[in-house]
Amino acid sequence: MAIEHPPVTECLVEEKGVTAYTNQFLMIDARLEKIQQKTARFLRSQGWKAFVIPPDTDKQDPRFAARLYDLFPHKTAATCAGLGWVGKNGLLVTRAYGARLSWATVLTDAPLTVCDAPFLVGQCKACQRCAEICPAQAISAEEWVRESSGQSKIDTRACAAQLGENYQALGSYICGLCIMVCPLCRK
């Protein structure tokens, strides 16, 4: 399940010469968690098992389920369900909203229809806008392929260092410029 972020222009933060796109929306995550809980309650009332993996905005979440995110990311569930692909920016991208979505997952043993068209490769093609704007040069611009390692080619250390610099200027570990420039995010 996913909830779209507000328009890009409402998400820009500029201070001390640093511009960032904030995708940290605690209200959206809270809404996602309510939807997850309703979904899980419904599934359980029908006799099925349901396990929720909460949104990943708060990496300090101490709950057991939140720690599973690294083992089973929402983008794995979404690519398997045919909802989107992993973009060159390492985020889940959909045709309708680009990477401007927050995700949450409900695992269940309910007999749901299985997607017959999961995403196995990225769909960014020749676009390299995210790689070009990345202030940390952390995006390699290689297309994601599930069979290789299943992971995008992001230099996480360089990205983390940039987030640290942004924290000094903005007081928050945000960047998101790769989301902001994605042509699919502008529709």
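So, how many aromatic pairs does the count come to? Hold that thought for a second. What you have in front of you is a predicted model, so please keep that in mind all the way through.

Okay, the count comes to two aromatic pairs. Let me take them one by one. A pair of aromatic rings is described by the distance of the centres and the angle of the planes.

In one of the pairs, tryptophan 85 meets phenylalanine 119, and the arrangement is tilted, with 5.5 Å centre to centre and 50 degrees between the planes. Now, where do these two sit? Tryptophan 85 is in strand β5, residues 85-86, while phenylalanine 119 is in the loop between β8 (105-108) and α4 (129-133), so the pair ties together parts that are 34 residues apart in sequence. Buried or exposed, what would you say for tryptophan 85? With a relative accessibility of 1%, tryptophan 85 counts as buried, because the cut-off for buried is under 20%. Phenylalanine 119 counts as buried too, at 15% relative accessibility.

The other pair is tyrosine 167 with tyrosine 173, and this one is stacked: the centres are 4.4 Å apart and the planes make an angle of 15 degrees. Tyrosine 167 is partly exposed, at 33% relative accessible area.

Let's step back to the whole chain. It has six helices and eight strands. If you read from the N terminus, the order goes β-β-β-α-β-α-α-β-β-β-β-α-α-α. Of the 187 residues in the chain, 42% are buried.

Next, have a look at helix α1, residues 26-45. It has 20 residues, and from its first C-alpha to its last it reaches 28 Å, close to the 28 Å expected at 1.5 Å a residue. Which residues are buried in α1? They are Ile28, Asp29, Leu32, Gln36, Ala40 and Leu43. Looking down the axis of α1, you'd find the buried residues within an arc of 105 degrees, so they line one face of the helix. Turn to the face pointing away from that buried side and you meet exposed residues, among them Arg31, Lys34, Lys38 and Arg41, but also Met27 and Phe42. After α1 comes glycine 47, with a positive phi near 95 degrees.

While we're on phi, two residues that are not glycines also have positive values. Lysine 125 is one of them, with a phi of about 55 degrees. You'll find lysine 125 in the loop between β8 and α4, and it is exposed at 56% relative accessible area. Then there's glutamine 137, with phi near 50 degrees. Glutamine 137 belongs to the loop between α4 and α5 (156-170), and at 70% relative accessibility it counts as exposed.

Now for the surface. What kind of patch do Phe51, Phe64 and Leu107 form there? It's a nonpolar one, and together these residues have about 270 Å² of accessible area. Phenylalanine 51 comes from strand β4, residues 50-53, and is partly exposed, with a relative accessible area of 32%.

One more residue and I'm done. Tryptophan 103 lies in strand β7, residues 101-103, and it is buried, at 12% relative accessible area. Try finding proline 55 from there: its C-alpha is 5.7 Å from that of tryptophan 103, with the two residues 48 apart along the chain.

That's my tour, thanks for listening!

Definitions and conventions. Residues numbered from 1 in each chain as written. Predicted model: local features only at pLDDT ≥ 70, side-chain atom pairs only at ≥ 80, totals over all residues. Heavy atoms only, no water. Phe/Tyr/Trp six-rings, centres within 6.5 Å; stacked < 30°, edge-to-face > 60°. Helix = DSSP H or I, 4+ residues; strand = E, 2+ residues; numbered from the N terminus. Buried < 20%, exposed > 50% of the residue type's maximum accessible area, 1.4 Å probe, protein only. Expected span 1.5 Å × (residues − 1). Arc of directions from axis to C-beta. Patch = residues over 30% accessible without salt bridge, like charges linked within 9 Å, V, L, I, M, F, W, Y side chains within 5 Å. Areas by Shrake-Rupley, 256 points an atom, 1.4 Å probe, with all protein chains shown as cover. Salt bridge = Lys/Arg side-chain N within 4 Å of Asp/Glu carboxyl O.
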